[in-house]
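Please work through the exercises below with the sequence and the 3D structure at hand. Each one sets a task and is followed by a solution in steps.

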Amino acid sequence: MTAYDTPTPEVKEGVDEDTVEAVRKLSGTYKYGWDTEIEMDYAPKGLSEDIVRLISEKNEEPEWMTDWRLKAFQRWQQMEEPEWAMIEYPQIDFQNQYYYARPKSMEVKPKSLDEVDPKLLATYEKLGIPLKEQMILAGVEGAEDAPSEGRKVAVDAVFDSVSVGTTFQAELKKAGVIFCSISEAIREHPELVKKYLGSVVPVSDNFYATLNSAVFSDGSFVYVPPGVRCPMELSTYFRINAENTGQFERTLIIADKGSYVSYLEGCTAPQRDTAQLHAAVVEIVIEEDAEVKYSTVQNWFPGDEDGKGGIYNFVTKRADCRGDRAKVMWTQVETGSAVTWKYPSCLLRGDDSQGEFYSIAITNNHQQADTGTKMTHLGKRTKSRIVSKGISAGKAQNTYRGLVSMHPKATDSRNYTQCDSLLIGDQCGAHTVPYIEVKNNSSRVEHEATTSKVDDDQMFYCRQRGMDEEEAVALIVNGFAKEVLQALPMEFAMEAQQLVAISLEGSVG
Amino acid sequence: MARADLIARRQEAAATRAETMTLPEGAAWATEAREAARARLLKMGLPTRRDEYWKWTNPESLIAAEAPTAAVFDADEAPIFDEIDRLRIVFTDGVFDAEASDPLEMAGIEIARLSDAARADIHWARDLYGTLEARGHASVERPFAAFNTAYATDGVVIRVTGTAARPVNLVYRHASDGSDVILHHLVKVEEGAELTLLETGPAAARFSGGLEVEVADGATFRHVRTQGRDHERREVTGVFARLGTESTFQSFTLTANGKLTRNEVVIELTGDDAVAHVAGAALGDGKDFHHDDTVFITHDAVNCESRQVFKKVLRNGATGIFQGKILVKQGAQKTDGYQISQSLLLDDDAQFLAKPELEIYADDVACSHGSTSGAIDEDALFYLRSRGVPHREATNLLTLAFVAEALEEIDDEALAEALRDRLAGWLERHSS
């Protein structure tokens, strides 16, 4: 398989590969569409109790974990795929794919990053995520100017079904923070995993979450002890590489009393003709006075211009503000995936707890996104804010779906929701499906939504200043989405701005 | 429960219900239309709480073979719109009352009872009966509307060719505790013609109302309805309208109390430059009050405008629901769609549930919706109190102001005034 579907341009002698690469990057096609040729270990195709056992065995899990998975699997067999989302995709054959794929070199778990297969390290290097313990993420323009102090980012790199390595573990340990792959956590910190796993997203929460509970292979685990401000940003980078393989990762973040952590998640996949499944579960537990920021730039392969291939992204993300004054902030930039089904939610149980959700979802060509959030207000004086920007171009469908629920006891609570949609072209669709449930009168709920097209006057102004049409659209869209972009950590904000431009390329005219 | 089982259960419920009913007799075309509606009903089945559009409203009491009884309520006030010169058509517990009604005659319009029209072999009603209702299931199934078309025992059919000088008022009287009434009306407003239709009164212990309105090019249809104050009344209505080029449709509903009200309005804008305004105000006091507005507006033409303005005042455990949707089809450019749903919760037990939806497939549109819920503005209340307005009066004043935005959707000042009086009267009785 070639790394690119587009034909390689003729390269004159003396022009080095880097230049060609740079030009390719600028050409605006999906820039992470290459694959890594690496020998893989697969579990047999299909899904059965044996496969679930096998995954558990490969991860060297204790018996309670195997049982937990088997229970989930039995439950899943009785469930039906949800149909309510505004997405259409061919029936997924759950038996016709691999549920476990691990690079051969990972068979014996490397003790440190130095022992990791160079090919894997090169893969992440190429993605702009070097697994070296360096101060800043490479490949981000402008990052050099940032103050170097405190801009460290620890990375857990997940390649298909396994975590390849986690950086800065030692330094984090000094602060008391546990940051490792979930498989390692199950072995090393069973008491924490037992206590929290499935406590936010129960095993039988929904079809995809239950599937994930049965077959999740790896993911990240974070525990921040009471009163600790995590000394650096944590991040996980998910890469799907193997063909016909689903990625099912599970992330569990626990912010104990009075702690703080900012967590980033990135994801990419090679360009392939057949669609691939990704069903993740993220659980966040936030105790009293703790705060978690969770930012995602989701850039899975979106399929080609004709809608061939791409990732089917079915994700359950939920944060549980258990303690009083707990705070969570979800920020997501959704530019990839052929199909997105994702609703990062906040359970505001503690009094005075806060949930925020900032989202940009960009769909182009044949992409479909059905995404939004749920804010469940249970505690008194809880606050939530939702800002969602949907941008639809080409033949794409983009839906915001959300729930704001004020329970009778959540008195004096407050919600503000704003969801705006922008349509570029007359073949696409933008939809808004908000649910509002208010069950007490001292709470205030406000919801606003607008749908419009790129303003002609703004376009004219930009064009008149000499910008071409695509540049102008990118600028206007960036302006439209600025409230969300501003909520992102700097590394992501820059990447996101570029992504906005790239995703919309070719959508004008 | 598996999806297939749910559908089977719904269909079974419909079949059981249908067995207790008989199709009214009529000419071949009418029987055909009623049979088709029954077939639609049997296929869709009757809803349960597990249906997306019934998750907030329990349809059980609407489905039950026997209507739950509802005591006739003595409103002790003059019938609304009494001051207004209008043509009255009275139904008492769903039975046409010739004596109480005015002669069915007016210049520029043709009025007949449905039961008569359905017996005529040749009648214009043939092309309309059940047609718009059948189209109304395109995006969301509305089984109660199909039920209504199949089993409606009477109603009126109105064809308007000129400008109706007076409004036509359908007066629904409720006389017995166990009345279970199904009425279906047709209105065809021909090119350039105009009609105002008023519907007033509680109708029955359980009332199923159907109204199909064809508004031709350049025509205007205005609809003002009040649903009576009977506390135990249950009601499910469906208004289905299709709008031609440069036509206008306006509908306003005032609901005061009643145990269960579900008002569905389904509008299709099929001609360019058409305008549709749907508005409503609901006032509910007590745990027993459950009010549900479900509106679906489809834009299928260029340069059309639609507005939805819904206000609910809720207290003492009352529940208000708004499910509104604007669908803009591909090619329906220059659409101006606006939707606002607001609730005023006068105390802590009341609840408001809303789902304001947009589904848009055209890029050159301006669509927006807003939804708010909350208590009376403390600052405004403080201001009035500081000017010496007593608390109760100040609250009523602010409540009236809150509802006013919906009332402004009514063009006719006399009609709006009459509704305002009713509102004030309700507030007077129900404020503490």
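**Exercise 1.** Determine what share of the residues in chain B is buried, and describe the overall build of that chain.

Solution. In this predicted model, buried residues account for 54% of the 432 residues of chain B. The next step is the secondary structure, which in chain B amounts to nine helices and 19 strands. The radius of gyration of chain B is 21 Å, close to the 22 Å given by the globule rule for 432 residues, so chain B is as compact as a globular protein of that length. Its C-alpha trace spans about 70 × 55 × 50 Å along the principal axes of chain B. Finally, of the contacts in chain B with a separation of 6 or more, 85% are between residues 24 or more positions apart. As for confidence, the mean pLDDT of chain B is 94, with 100% of its residues reaching 70 or more.

**Exercise 2.** Work out which elements of chain A give two or more residues to the side that touches chain B, and how the strands pair across the interface.

Solution. Begin with the residues in contact, which are 30 in chain A and 34 in chain B. On the side of chain A, the elements that give two or more residues are strands S22 (414-424), S23 (429-438) and S24 (444-453). Sorted by class, that side has 11 nonpolar, 11 polar and eight charged residues. The pairing then follows from the bridges, six of which join S23(A) to strand S18 (residues 351-360) of chain B, with the two strands running antiparallel. A:His431, for instance, stands opposite B:Glu359 in S18(B). For the complex, the predictor gives an ipTM of 0.89 and a pTM of 0.88.

**Exercise 3.** Establish why strand S7 (residues 233-239) of chain A can be called largely enclosed by the rest of the structure, and identify its neighbours.

Solution. Seven of the seven residues of S7(A) are buried, so the strand is largely enclosed by the rest of the structure. Consider next the two faces: A:Glu233, A:Ser235, A:Tyr237 and A:Arg239 point one way, A:Leu234, A:Thr236 and A:Phe238 point the other way, and all are buried. One parallel partner is strand S3 (residues 153-159) of chain A, joined to S7(A) by seven bridges, and here A:Val158 stands opposite A:Phe238. Another parallel partner is strand S9 (residues 260-268) of chain A, joined to S7(A) by six bridges, in which A:Leu264 is the bridge partner of A:Ser235.

**Exercise 4.** Find which residues of helix H4 (residues 118-126) of chain A are buried, and follow their packing to strand S4 of chain A.

Solution. The buried residues in H4(A) include A:Leu120, A:Thr123 and A:Tyr124. These cover an arc of only 90° around the axis, which puts them on the same side of H4(A). The buried residues of the helix pack against strands S2 (101-103), S3, S4 (162-166) and S7 of chain A. Just after the helix, A:Gly128 takes a positive phi of about 85°.

Within S4 of chain A lies A:Val162, and this residue is buried, with 24 other C-beta atoms within 10 Å. Leaving aside residues up to four places away in sequence, A:Val162 touches A:Arg102, A:Met106, A:Ser217 and A:Asp218. The last step returns to S7(A): the C-alpha atoms of A:Val162 and A:Phe238 are separated by 9.7 Å, although the two residues are 76 residues apart along the chain.

How values were computed: Residues are numbered from 1 along each chain as its sequence is written. Chains are lettered from A and ligands numbered from 1 in the order in which they are written. This is a predicted model: local features need pLDDT of at least 70, side-chain atom pairs count only at pLDDT 80 or more; totals for chains, interfaces and linings use all residues. Helices (H or I, at least four residues) and strands (E, at least two) are DSSP runs, numbered from the N terminus. The radius of gyration is taken over C-alpha atoms; the globule rule is 2.2 Å times the number of residues to the power 0.38. A residue is buried if 20 or more other C-beta atoms lie within 10 Å of its own, exposed if 12 or fewer, and partly exposed in between; C-beta atoms are placed from the backbone. Two residues are in contact if their C-beta atoms, placed from the backbone, lie within 7 Å. Ala, Val, Leu, Ile, Met, Phe, Trp, Tyr, Cys and Pro count as nonpolar, Asp, Glu, Lys and Arg as charged, and the others, Gly among them, as polar. Two strands pair if DSSP finds at least two bridges between them. The arc is that of the directions from the helix axis to the C-beta atoms. pLDDT is the predictor's confidence in each residue, from 0 to 100.
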